[in-house]
Amino acid sequence: MADSNGIAIGNGAATDPAPPHETFDTILVLDFGSQYTHLITRRLRELNIYSEMLPCTQKLADLTWKPKGIILSGGPYSVYAADAPHVDPEVFKLDVPILGICYGLQEIAWHHGKNVLAGEKREYGRARLNVHPSETQQAHVSKLFEGLPNDMEVWMSHGDKLSRIPDGFTTIATTANSAYAGIAHEEKEYYGIQFHPEVTHTPQGGVVIKNFAVNICKAQQNWTMEAFKDKEVVRIRKLVGEKGQVIGAVSGGVDSTVAAKLMHEAIGDRFHAVMVDNGVLRMDEAKQVKETLTKGLGVNLTVIDASERFLGLLKGVSDPEKKRKIIGNTFIGIFEEEAKKIAKAAESTPKAGKIEYFLQGTLYPDVIESISFKGPSQTIKTHHNVGGLPEKMNLKLIEPLRELFKDEVRKMGVDLGIPADLVGRHPFPGPGLAIRIIGEVTPERVQIAQQADKIFIEEIRNEGLYDKISQAFAALMNDKSVGVVGDQRIHGHIIALRAVVTTDFMTAKAYKFHPDFLERVAERIGNEVQNVARVTYEITSKPPSTIEFE
């Protein structure tokens, strides 16, 4: 069904042909709510093995593809509790290798006899793992620790433990506190380990993961950004068709820039990049983005100034979820309006097809953070690229970066020929400064946030620290504080500076600036930004906080 301007009407769901798990060997990670689960997927990707994460409640009957192997993650629960999450029993009938990590080990044991109980003492932190020689004639049993020393350092984080070895299993590793720190089935390729190989605190954990994925699951190590890029270009062309057109949201950030360049590579001028100035961008952002994309990358870009429209809708709104919904809904409305204009202009060109797709730069961490299932996890926030859009859309989504982590997107950007300074640019959220301005968003408050942020980033660059920091910005707090400007007391704004280092944006730590640097930034903001009485530096890690303030 289509309207009079040829704009496809649908629910926003696009059935993409040949997703990565159908073209690359894939290890499926089932999440039981561990803070480390995403690291398992990351470690596999670093080995050039494609991996996807799904909640532990995933029904195998609903899975349309077969993984090369399955990893059961850790989790904060006790498998013997009445409300404990459990994997679909069909997992053990799939006839693929299985590795259980921490809670995952206990889940395997629970499925094979329920021999799990609370330990007399917790085992948290570093431990010495003693690898046992195989006590069985089955060659596969010792493959998990192949090439590793008999004594090695590992990271533990558990309170429960196995009460005895499950029937059909043998012990392959122990620690001083865990008699069954590693187990393996004597006939099937099922393995369980009590420690966490995915964290850097287990120095040789990567070898354990590689042994499972490569030596046991026989997964090919062919997941590279160059290979994915080539397959994605073909996939996009097949999805869009020979005449189809795509309209795309761009912001100038790494994600949207890479997505736009990839789309342009696939369908050329049939991709229409559009930037909406929503009034909560960084200072001079719209002007800089247009120059970068048009002159630098050859992407045809239309800039729409909708700042008054957005700020009008945000007036009086303080709730962060409402801000996200307003911005997401308004974005889609404006894009649909622009798509109709482009479609109408194309009517005079008989060879032109319909605009059916809306490009969005969703990344895999966006998807992971939006997964919610009863028990192990909960949605922390509605992500601006996943949950903050209208349920009914007049354009179907196309998300070529949806399976990628941030570092993978940067690698793809390099493969696409995007300049290093653009590929290395810090992320900027879809809702923009609206979620860095705590409370109501007004033109005056936007200007304060823009000016403070500009100063902070300038000083970071001047100090040569920009590439050492993953994300940095200035946020405007909702409260005010007493200050002194000249001989007068003021009741001024509070600016909070935030800078973090991370590899995957799922966990992050505050960057440790020298105090002299922070003093210089605070002095500049206090002198150059009107009505600012106080500047602070926020040091909370993720978790427990998020990187953004809202």
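These are my notebook entries on what I looked up in this structure, which is a predicted model.

**Entry 1: overall counts**

I began with the whole protein. I found 14 helices and 18 strands in its secondary structure. The protein has 550 residues, and 57% of them count as buried. I then looked up the accessible surface, which comes to about 23,900 Å². Carbon and sulfur atoms hold 47% of that surface. For contacts with a separation of 6 or more, I noted that 77% are between residues 24 or more positions apart.

**Entry 2: a five-stranded sheet**

Next I took up one sheet. In which order do its five strands lie? I read the order as 12-11-10-13-14, in an open sheet with parallel pairing. The edge strands are strand 12, residues 301–305, and strand 14, residues 396–398. Each of these two pairs on one side only. On average, neighbouring strands of the sheet are turned by 30° against each other, with direction ignored.

I also kept a general remark for this page: strands of a sheet pair through backbone hydrogen bonds, either parallel or antiparallel.

**Entry 3: the pairs, one by one**

I went through the pairings along the sheet. Strand 11 and strand 12 are parallel and share five bridges. There, Asp277 is opposite Asp305 of strand 12. Between strand 10 and strand 11 I noted four bridges, again with the strands running parallel. Ile247 has His272 of strand 11 as its bridge partner. Strand 13, residues 355–359, is joined to strand 14 by three bridges, and these two strands run parallel. Leu359 is opposite Ile398 of strand 14.

**Entry 4: helices beside the sheet**

I then asked which strands helix 6 touches. Helix 6 packs on the sheet and touches strand 10 (245–249), strand 11 (271–277), strand 13 and strand 14. The direction of helix 6 makes about 155° with that of strand 11. Helix 6 is also part of a right-handed β-α-β unit, together with strand 10 and strand 11. From strand 11 the chain goes on through helix 7, residues 285–297, to strand 12. I noted this β-α-β crossover as right-handed too.

**Entry 5: strand 11 by itself**

Is strand 11 mostly covered or uncovered? I found it mostly covered, with seven of its seven residues buried. On one side the buried residues are Phe271, Ala273, Met275 and Asp277. On the other side they are His272, Val274 and Val276. Both faces of the strand are therefore covered, where buried means under 20% relative accessible area.

**Entry 6: salt bridges**

I turned to charged pairs. The structure holds 25 salt bridges, and I looked at some of them.

The pair of Lys406 and Asp255 has its closest N and O atoms 2.6 Å apart. Lys406 lies in helix 11 (residues 406–415) and Asp255 in helix 6 (residues 254–267), so this salt bridge ties together parts that are 151 residues apart in sequence. Both Lys406 and Asp255 are buried.

Glu153 and Arg128 also form a salt bridge, with 3.9 Å between the closest N and O atoms. Glu153 is in strand 6 (residues 151–162) and Arg128 in strand 5 (residues 116–131), so the pair links parts that are 25 residues apart in sequence. Are these two residues buried or partly exposed? Glu153 counts as partly exposed because its relative accessibility is 27%. Arg128 is partly exposed as well, with a relative accessible area of 44%.

In the salt bridge of Glu285 with Arg282, the closest N and O atoms are 3.1 Å apart. Glu285 counts as buried because its relative accessibility is 2%. Arg282, at 14% relative accessibility, counts as buried too.

I also wrote down a network of salt bridges that links Lys454, Glu458, Glu459, Glu463, Arg520, Arg524 and Glu528.

**Entry 7: Gly113**

Last, I looked up where Gly113 lies. I placed Gly113 in the loop between helix 3 (103–111) and strand 5. Its relative accessibility is 45%, so Gly113 counts as partly exposed. How many residues separate Gly113 and Pro166 in sequence? I noted 53 residues, while in space the two are 6.2 Å apart, C-alpha to C-alpha.

Terms used
Residues are numbered from 1 along each chain as its sequence is written. This is a predicted model: local features need pLDDT of at least 70, side-chain atom pairs count only at pLDDT 80 or more; totals for chains, interfaces and linings use all residues. Side-chain values use heavy atoms; hydrogens and water are left out. A salt bridge is a side-chain nitrogen of Lys or Arg within 4 Å of a carboxyl oxygen of Asp or Glu. Buried means under 20% relative accessible area, exposed over 50%, partly exposed in between (1.4 Å probe, protein chains only). Contact means heavy atoms within 4.5 Å. Accessible areas come from the Shrake-Rupley method with a 1.4 Å probe; for residues, only the protein chains shown count as cover. Two strands pair if DSSP finds at least two bridges between them. Axes are lines fitted to C-alpha atoms, for helices over the stretch in contact, and angles run from 0 to 180 degrees between N-to-C directions. A crossover is right-handed if, with the strands pointing away from the viewer, the path from the first strand over the helix to the second runs clockwise.
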